[in-house]
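Reader: Got a new model up on the screen. Can you walk me through it? Cysteines to begin with, please.

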Amino acid sequence: MTVLHPSGSGASRRTFVAAAGASGLAALLAACGGSSSGSSGKGSSGGHGTALGSTADIPEGGGKIFTDEKVVVTQPSKGEFKAFTSVCTHAGCPVAGVSGGTINCACHGSKFSIEDGSVKHAPATSPLEELKLDVTGGKIKLA
């Protein structure tokens, strides 16, 4: 058993706590930094070939957010499907809904076009990143 002495011999409590905290932080960062298979390499959206759902799930003139994949799919006009990252370009919040022809962020009020992801209402100044889709047989997946 190690005895800590106030005179400075042995490890101080502060050194021990700092070392324990640093090792815990390193473990946490290693767990968070790992990549999952199927990642698109963009870091923000689901991977290539990720199945999202059915074309019937996407309302004409609206859209649907796929939270786990960080993707929003819209149908600006009948049979035309678009996909964008669902992370607001203003402050990185996830978008909250699709209505009135826009993809809407609840954090600060940014709105993006369902047609091309362009900014329709500030504070965002950059459009949402458009993603490629594969729509076959009524099924939607990331290309």
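Author: This is a predicted model. A disulfide links cysteine 93 and cysteine 107, with an S to S distance of 2.2 Å.

Reader: How many disulfides does a search of the whole structure find?

Author: One.

Reader: Where in the chain do cysteine 93 and cysteine 107 sit?

Author: In distant parts of it. Cysteine 93 is in the loop between strand 4 (80–85) and strand 5 (97–99). Cysteine 107 is in the loop between strand 6 (102–104) and strand 7 (111–113). The two are 14 residues apart.

Reader: Is the disulfide left-handed or right-handed?

Author: Left-handed, because the torsion about the S-S bond of cysteine 93 and cysteine 107 is about -105 degrees.

Reader: Cysteine 93: buried or exposed?

Author: Buried, at 15% relative accessibility. Cysteine 107 is partly exposed, with a relative accessible area of 39%.

Reader: What about cysteine 88?

Author: Cysteine 88 is in no disulfide. Its nearest cysteine sulfur belongs to cysteine 105, 3.9 Å away.

Reader: Why is there no bond from cysteine 105 to cysteine 88?

Author: Because 3.9 Å between the sulfurs is too far for a bond. The cut-off for a disulfide is 2.5 Å.

Reader: And which of those two is buried?

Author: Cysteine 88 is buried at 4% relative accessibility. Cysteine 105 is buried too, with a relative accessible area of 5%.

Reader: OK, packing. Which residues make up the largest nonpolar core?

Author: It has 12 residues in all. Cys88, Cys93 and Cys105 are among them. So are Val72, Phe84, Val95, Val98, Ile103, Phe112, Ile114, Ala124 and Leu128.

Reader: What else is there, apart from that core?

Author: Another core, of 11 residues, lies apart from it. Its members include Val71, Phe81, Ala83 and Leu142.

Reader: Back to the largest one. What is alanine 124 in contact with?

Author: Leaving aside neighbours within four places in sequence, alanine 124 contacts Cys88, Thr89, His90, Ser110, Phe112 and Val119.

Reader: And leucine 128, where is that found?

Author: In the loop between strand 8 (119–121) and strand 9 (130–131). Leucine 128 is buried, with a relative accessible area of 3%.

Reader: What does leucine 128 touch?

Author: Phe84, Thr85, Val87, Cys88, Thr89, Ile103, Phe112 and Gly117, not counting residues up to four places away in sequence.

Reader: How far is leucine 128 from alanine 83 in space?

Author: 9.5 Å, C-alpha to C-alpha. In sequence, leucine 128 and alanine 83 are 45 residues apart.

Reader: New topic. Which residues form the covered face of strand 11?

Author: Ile140 and Leu142. Lys139 and Lys141 make up the uncovered face of strand 11 (residues 139–142).

Reader: Why the alternation?

Author: In a regular strand, side chains alternate between the two faces of the sheet.

Reader: How many bridges join strand 1 to strand 11?

Author: Three, and strand 1 (residues 51–54) runs antiparallel to strand 11. Glycine 53 has isoleucine 140 as its bridge partner.

Reader: And strand 10 to strand 11?

Author: Four bridges, also antiparallel, with strand 10 covering residues 133–136. Threonine 136 has lysine 139 as its bridge partner. For aspartate 134, the partner is lysine 141.

Reader: How many residues lie between the strands in the hairpin of strand 10 and strand 11?

Author: Two. In that hairpin, glycine 137 takes a positive phi near 55 degrees.

Key: Residues numbered from 1 in each chain as written. Predicted model: local features only at pLDDT ≥ 70, side-chain atom pairs only at ≥ 80, totals over all residues. Heavy atoms only, no water. Buried < 20%, exposed > 50% of the residue type's maximum accessible area, 1.4 Å probe, protein only. Pairing = 2+ DSSP bridges. Core = buried A, V, L, I, M, F, W, Y, C linked by side-chain atoms within 4.5 Å. Contact = heavy atoms within 4.5 Å.
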